Amino acid sequence: MDIQNTQSQMRKGVLEFCILSIIRQGEVYPSDIVDRMKAANLHILEGTLYPLLTRLKNAGLLTYRWVESNSGPPRKYFVMTDKGLEFYGELERTWQELADAVHTLTQSAVDPTSEPNPSQP
């Protein structure tokens, strides 16, 4: 079994939630998302990010505006729509339920030598 593949799949599973979390905090340029993700030790390539942003925009969760730049072409800044904020709220609830369940299962202090409790399934 390849641990790196499993780690990659786990990261991919939370990628959309993390990106939306960043955008929810305010209008953002894609390279800023890459930088914030990297600072949190969740590395993402722009080649992965742009298609995801396009998919979220096409789903009506994001919108963007063009901002002129003094140092190059105009920049596209993304912001969450009302629909995106509602979607994010659902993702946040789902994440909390999942995180709580995983925490319960992985942090249980069970003595493997003890007898099972017959009252528990």
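**Exercise 1. What covers the buried residues of α3?**

Solution. Start with the cover: it includes α1 (3-24), α2 (30-39), β1 (62-69) and β2 (72-80). Helices (H or I, at least four residues) and strands (E, at least two) are DSSP runs, numbered from the N terminus. This is a predicted model, in which local features need pLDDT of at least 70 and side-chain atom pairs count only at pLDDT 80 or more, while totals for chains, interfaces and linings use all residues. Residues are numbered from 1 along each chain as its sequence is written, and side-chain values use heavy atoms, with hydrogens and water left out.

Next, list the covered residues. The buried residues of α3 are L49, L52, L53 and L56. Buried means under 20% relative accessible area, exposed over 50%, partly exposed in between (1.4 Å probe, protein chains only).

Now look down the axis of α3. Its buried residues fall within an arc of 105°, so they line one face of the helix. The arc is that of the directions from the helix axis to the C-beta atoms. An α-helix has 3.6 residues a turn, so residues three or four places apart point the same way.

Finally, turn to the other side of α3: G47 and N58 are exposed there.

**Exercise 2. Compare the expected and actual spans of α3 and α1.**

Solution. The expected span is 1.5 Å times one less than the number of residues. Take α3 (residues 46-58). Its 13 residues should span 18 Å, and its end C-alpha atoms are 18 Å apart, which agrees. Take α1. Its 22 residues should span 32 Å, and the end C-alpha atoms are 32 Å apart, which agrees.

Then check α1 for a bend. A kink of about 40° is centred on L15. The bend at a residue is the angle between axes fitted to the seven residues ending there and the seven starting there.

Close with the flanks. At the start of α1, a side-chain oxygen of D2 comes to within 3.1 Å of the backbone nitrogen of Q4. After α1 comes G26, with a positive phi near 150°. Just after α3, G60 has a positive phi of about 85°.

**Exercise 3. Which residues have the most contacts inside the largest nonpolar core?**

Solution. A nonpolar core is a set of buried Ala, Val, Leu, Ile, Met, Phe, Trp, Tyr and Cys residues joined through side-chain atoms within 4.5 Å. The largest has 22 residues, and I19, I23, I33, M37, L53 and L62 have the most contacts inside it. α1, α2, α3 and β2 each supply at least two residues. The largest share, eight residues, comes from α1.

Follow α1 outward. Its buried residues include V14, L15, F17, I19 and I23. The buried residues of α1 pack against α2, α3, β1, β2 and α4 (82-107).

Then zoom in on I19. Beyond its neighbours within four places in sequence, I19 contacts (heavy atoms within 4.5 Å) I33, M37, I44, L49, L52 and L53.

**Exercise 4. Is S69 buried or exposed?** **Contrast it with T63.**

Solution. S69 lies in strand β1. At 18% relative accessibility, S69 counts as buried. Its side chain reaches the backbone nitrogen of S71 at 3.2 Å. Leaving out residues up to four places away in sequence, S69 touches P74 and R75.

T63 is also in strand β1. At 37% relative accessibility, T63 counts as partly exposed. With the sequence cut-off of four places, T63 touches Y77, F78, V79 and T81. T63 and K76 are 13 residues apart in sequence and 9.7 Å apart in space, C-alpha to C-alpha.

Conventions. Polar contact = N/O pair within 3.5 Å; in protein donor to acceptor, adjacent residues only side chain to side chain.
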